[in-house]
Number of protein chains: 2
Amino acid sequence: MSAYDEPERTARPATDGQADEERADLLGRIETEVAMLMRLGEATRRSDPSAEHRVLDRAAYAILRHLDAAGPQNVSALAAYLVLDGSTVTRQVSAMQRDGLIVREPDPRDGRGTVVAPTEAGLNRMNAVRAARARLYDGILADWPDEERRVLARMLERLNEDVVAHARRSRANRRDQRSTNEDLP
Amino acid sequence: MSAYDEPERTARPATDGQADEERADLLGRIETEVAMLMRLGEATRRSDPSAEHRVLDRAAYAILRHLDAAGPQNVSALAAYLVLDGSTVTRQVSAMQRDGLIVREPDPRDGRGTVVAPTEAGLNRMNAVRAARARLYDGILADWPDEERRVLARMLERLNEDVVAHARRSRANRRDQRSTNEDLP
DNA sequence: CCAAGTAGCTGTATCTTACAGATAATTCTC
DNA sequence: GAGAATTATCTGTAAGATACAGCTACTTGG
């Protein structure tokens, strides 16, 4: 955890000020664009005239996708994968159960746990939403040649990997700090 | 709504089925990653140990950036640029005024309007946040060589342009529909 | 000068998520 | 094993971000 405290870069060869500036500018551009993209998220979904986006909450969709891809899971595993608080997953899962999208059963291997599995209806709904979103992005990226789309996909995948990794690291850090603080009073 | 029942792909020229499939898969990947990135937004900001992110709301930051880049503006112009509802901007701007980040003056050229301008304090705050975010992204992208970062920035910029264009188009569409409907009854 | 349109504001509602605390079950330690 | 520490889930509550509908004040085109 000490690699974390250090701003990771102290004295630096003064030689290459211009390159440094370009690096800083790049970060600024990336930061700006990611912020914009995140802010636009809701607007984009709402802008989808096909209304399919309304049938699944953000987290619900992500949960179904992950259950589909990785099989039945308990709440904690979902929360960890999705970088969400357990309480959030619990609530989403409750709503999804009410709507018949998933089933919840006690974990046979751990009496505290609950295993969540998608239902047929849940998977159908997910696929419908997925298709609608694909159409939406096909519209947004109408002018992009395939090669560019491939590059975009690759970049986003790598970015997300690193964002997730970073979020997990920081979250773990914060947990540690909290429990350390609790010792002090 | 009938497109909904169909699993999205009926008879289709069998000629190029493979390329089509790859295109669909690409869209799926992009859709997945954008959704994930948007969902991660809050987590990422919260994960920033430097806490600067707390001092500015999402929209407040975007507003200051735009005021900085494009000069004083009235509320509507800000809303249009940021793809936000006017009421949202109004509220943000009120809070920002309370906090001394911007000043609001009647528009000399239009008695209905209000011109919003950043204060020194506002710009300082924005720059602090910007720097903190740049640090954050430098950490997230620690393993990325400059060339990759450049590609990422370019891709995100183009994606956002198209997302914004699409959101505006759809928004206009919806407005038209609404007013058309109003005529009917 | 009046009708139609526009800018901004306020009330209210929705969605998404987190943190803190409670409960129950599990695992570790001696 | 008995008690302590840990973990999984759930519930209560709160905060942030944003939109839509309706209001007032102002502007503008005939």
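Okay, let's start with the sheet in chain B, and keep in mind that this is a predicted model. Chain B has an open sheet of three strands, in the order E1-E3-E2, with antiparallel pairing. The edge strands are E1, residues 73–74, and E2, residues 102–106, and each of them pairs on one side only.

So how many bridges join E1(B) to E3(B)? Two, with E3(B) covering residues 114–118, and the strands run antiparallel. If you want a residue to click on, take Asn74(B), which stands opposite Val115(B) in E3(B). Over on the E2 side, E2(B) and E3(B) pair over five bridges, again in the antiparallel sense. There you'll find Glu105(B), and what stands opposite Glu105(B) is Val115(B) in E3(B). Val115(B), then, has Asn74(B) opposite it in one pairing and Glu105(B) opposite it in the other.

Now let's add the helices that sit on this sheet. H2(B) packs on it, touching E1 and E3 of chain B, and the direction of H2(B) makes about 90 degrees with that of E3(B). H4(B) lies across E2 and E3 of chain B, and runs at about 115 degrees to E2(B).

Those helices also pack on each other. H2(B) is residues 58–70, H4(B) is residues 86–98, and their axes are 10 Å apart at an angle of about 85 degrees. That's why we can call H2(B) and H4(B) roughly perpendicular to each other. Which residues in H2(B) do the meeting? They're Ala59(B), Ala60(B) and Ile63(B), and on the H4(B) side they meet Thr88(B), Gln92(B) and Met96(B). By class, the contact of H2(B) with H4(B) has four nonpolar residues, two polar ones and no charged ones.

Let's hop over to chain A for a moment. You'll see an open three-stranded sheet there too, ordered E1-E3-E2 and paired antiparallel. Its edge strands are E1, at 73–74, and E2, at 102–106, each pairing on one side only. E2(A) is joined by five bridges to E3(A), residues 114–118, and they run antiparallel. One bridge to look at is Arg104(A), whose partner in E3(A) is Val116(A).

Next up, how do the chains relate? Chain B can be laid on chain A with an RMSD of 0.2 Å, using a turn of 180 degrees and a shift of 0.1 Å along the axis. That's the relation of a two-fold axis. To find the axis by eye, go to Met38(B): in chain B, its C-alpha is the one nearest the axis, at 2.3 Å.

Then there's the contact between the chains. It takes 53 residues from chain B and 53 from chain A. In chain B, the elements that each supply at least two residues are H1 (17–47), H2, H5 (120–140) and H6 (146–183). Which of them gives the largest share? That's H1(B), with 20 residues. The chain B side that touches chain A has 28 nonpolar, nine polar and 16 charged residues. And 96% of the interface residues of chain B are interface residues in chain A as well, so the copies meet through the same surface.

Last part: the DNA. What surrounds DNA strand D? There are 26 residues, and the closest are Asn74(A), Ser76(A), Ser87(A), Asp57(B) and Gly111(B). Watch the helix numbers here, as the elements giving two or more residues are H2 (17–47), H4 (75–82) and H5 (86–98) of chain A, together with H2 and H4 of chain B. H5(A) gives the most, with six residues. The surface near strand D divides into five nonpolar, eleven polar and ten charged residues.

For DNA strand C, 27 residues surround it, and the closest are Asp57(A), Gly111(A), Asn74(B), Ser76(B) and Ser87(B). Two or more residues each come from H3 (58–70) and H5 of chain A, and from H1, H3 (75–82) and H4 of chain B. The largest share near strand C, six residues, comes from H4(B). By class, the surface near strand C has five nonpolar, eleven polar and eleven charged residues.

And that brings us back to where we began: H4(B), with that largest share near strand C, is the helix lying across E2 and E3 of chain B. Asn74(B), among the closest residues to strand C, is the one opposite Val115(B) in the sheet.

Key. Residues numbered from 1 in each chain as written. Chains lettered and ligands numbered in written order. Predicted model: local features only at pLDDT ≥ 70, side-chain atom pairs only at ≥ 80, totals over all residues. Least-squares fit on C-alpha atoms with pLDDT ≥ 70 in both. Contact = placed C-beta atoms within 7 Å. Axes fitted to C-alpha atoms, helices over the stretch in contact; angles between N-to-C directions. Helix = DSSP H or I, 4+ residues; strand = E, 2+ residues; numbered from the N terminus. Parallel < 35°, antiparallel > 145°, perpendicular 65-115°, else oblique. Nonpolar A, V, L, I, M, F, W, Y, C, P; charged D, E, K, R; others polar. Pairing = 2+ DSSP bridges. Near = placed C-beta within 6 Å.
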